[in-house]
Amino acid sequence: MKASWDIFCSVVDNFGDIGVTFRLARQLVAEHDMQVRLWVDDLSAFVRLCPGADPAAEQQMQDGVLVCHWAKAWRPVELPDVVVEAFACRLPAEYVEAMQARQKRPLWFNLEYLSAEDWVSGCHALPSIQSSGLRKYFFFPGFSSKTGGLLREAGLIQRRQAFQADGCAQRAFLERLGIVPQSDTRLISLFAYEHPGLGSWLDCLAFGERKTHLLVPEGRILGDVQRWLGVESLKTGDLNQRNALTVQVLPFVRQEDYDLLLWCCEFNVVRGEDSFVRAQWAGRPLIWHIYEQDDDAHWAKLDAFLELYRVGLSEGAAQALADVWRHWNAGQDMACSWNALEKHRAALASHAQRWCLEQALQDDLTTALVHFYRNWI
Ligand code: TRH
């Protein structure tokens with residue numbers, strides 16, 4: 001009989017919470033033959049990632065996952081074998097009571113946010129005894145074999161490599177989004193939070209030596225782009241050119257298509273958690289716009305990742321990359337750091353490939369969760 005999993009997702013803001021949990025749910029079904037319910041409190045965020053979905057449905061089947069609306073008033077359900085509480089979202093009290101009352105208790109995970117910090121490997125997979133007496137295991141995604149690894153579907157890297165070697169497939173995909181790539185122009189994608197210094201980066205691209213076609217999915221950065229362009233409005237499909245820079249606004253596409261977009265681009269600006277990981281699997285250089293935390297905890301996370309990522313880069317390239325990421329995340333002027341980074345383009349491109357292949361040697365996060373479950377029963 002298939003093991004059953006409940007994954008709970010509370011959408012804090014943005015798309016990362018639902019992006020990660022839906023990805024995990026689909027992979028459990030597709031690759032591990034699990035039966036999965038995904039409980040989501042805000043289906044409107046889900047519909048953006050999965051355009052065929054119904055924002056009003058109490059329950060719906062999407063890619064083999066039973067997606068259920070997590071309503072405030074909890075109605076009892078049959079308990080599964082495994083419960084994943086994503087990002088400490090707090091399970092319904094009645095649900096926890098039911099877990100406690102059951103003779104064979106489910107395995108309970110808290111799936112944590114991604115971090116490259118050292119302490120993560122010491123805390124990964126440790127149980128914590130709850131006041132209810134139940135054990136909750138803290139499962140940390142991460143970049144070393146002492147963590148739970150990263151979400152990565154089977155065959156992803158091979159599919160990505162084949163796509164990047166196939167110009168026709170790339171052109172057909174880009175055409176579907178209304179993009180006409182030019183052979184003398186590089187593609188860069190931009191998915192980021194607001195950035196007061198963005199104009200300085202766009203200036204660099206507009207007055208740079210190489211032509212750039214910047215692809216901007218609808219989202220929070222559009223206001224800054226619009227201000228720099230000096231246009232009254234900016235909507236999906238708009239195309240504006242300023243010297244060497246063409247800016248095109250794209251629709252927010254389904255997750256699978258967002259991967260293809262990253263794979264087509266020479267450089268990607270990504271944010272949060274899930275797009276950050278997907279850009280690494282794209283094997284191309286990136287800027288990470290990290291999700292800002294109230295207590296500035298994100299700076300330690302950014303530095304911890306840079307510390308890992310820089311291994312194998314020359315001192316100059318590592319410094320240029322760190323400067324660009326820090327300036328971007330501080331909302332500062334980008335001119336000096338970006339121009340310095342451009343000089344290391346080739347080295348950063350081969351490094352991104354190496355990093356991706358190295359990371360892909362580890363078990364993926366879903367497989368790690370399933371192994372843990374199998375060892376636990
Ligand atoms: O949307 P985010 O900023 O989410 C954030 C982070 O996860 C952060 O860690 C968390 O604390 C906060 O939310 C609450 O960035 P992220 O994680 O990259 O999620 C975006 C998702 O949207 C990802 O699954 C990729 C997907 N996406 C598409 O499916 N289509 C698109 O066109 C784009 C641009 C993104």
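Where does the ligand sit? In this predicted model, the ligand occupies the largest pocket. A pocket here is an open set of points on a 1 Å grid over the protein atoms alone, with protein on both sides within 12 Å along at least five of seven lines; a molecule sits in it if more than half of its atoms lie within 2 Å of its grid points.

Allow me to state the conventions. Residues are numbered from 1 along each chain as its sequence is written. Local features need pLDDT of at least 70, side-chain atom pairs count only at pLDDT 80 or more, totals for chains, interfaces and linings use all residues, and side-chain values use heavy atoms, with hydrogens and water left out.

I turn to the shell. The ligand has 22 residues around it, a residue being near if one of its heavy atoms lies within 4 Å. Tyr193, Val253, Arg271, Asp274 and Ser275 come nearest. By class, the shell holds ten nonpolar, six polar and six charged residues, with Gly counted as polar and Tyr as nonpolar.

Next, the polar contacts, which are pairs of N or O atoms within 3.5 Å. Oxygen atoms of the ligand lie 2.5 Å from a polar side-chain atom of Asp274, 2.6 Å from a side-chain N or O atom of Ser275, and 2.9 Å from a polar backbone atom of Glu273. Of the 700 Å² of accessible area that the ligand has on its own, the protein covers 97% (Shrake-Rupley method, 1.4 Å probe).

Finally, the origin of the shell. Helix 1 (16-32) gives the largest share, three residues; helix 9 (255-264) and helix 10 (274-281) each supply at least two. Helices are DSSP runs (H or I) of at least four residues, numbered from the N terminus.

Note on methods. Polar contact = N/O pair within 3.5 Å; in protein donor to acceptor, adjacent residues only side chain to side chain. 1 Å grid on protein atoms, 1.4 Å probe; cavity = no way out; pocket = protein on both sides within 12 Å on 5 of 7 lines; lining within 4 Å.
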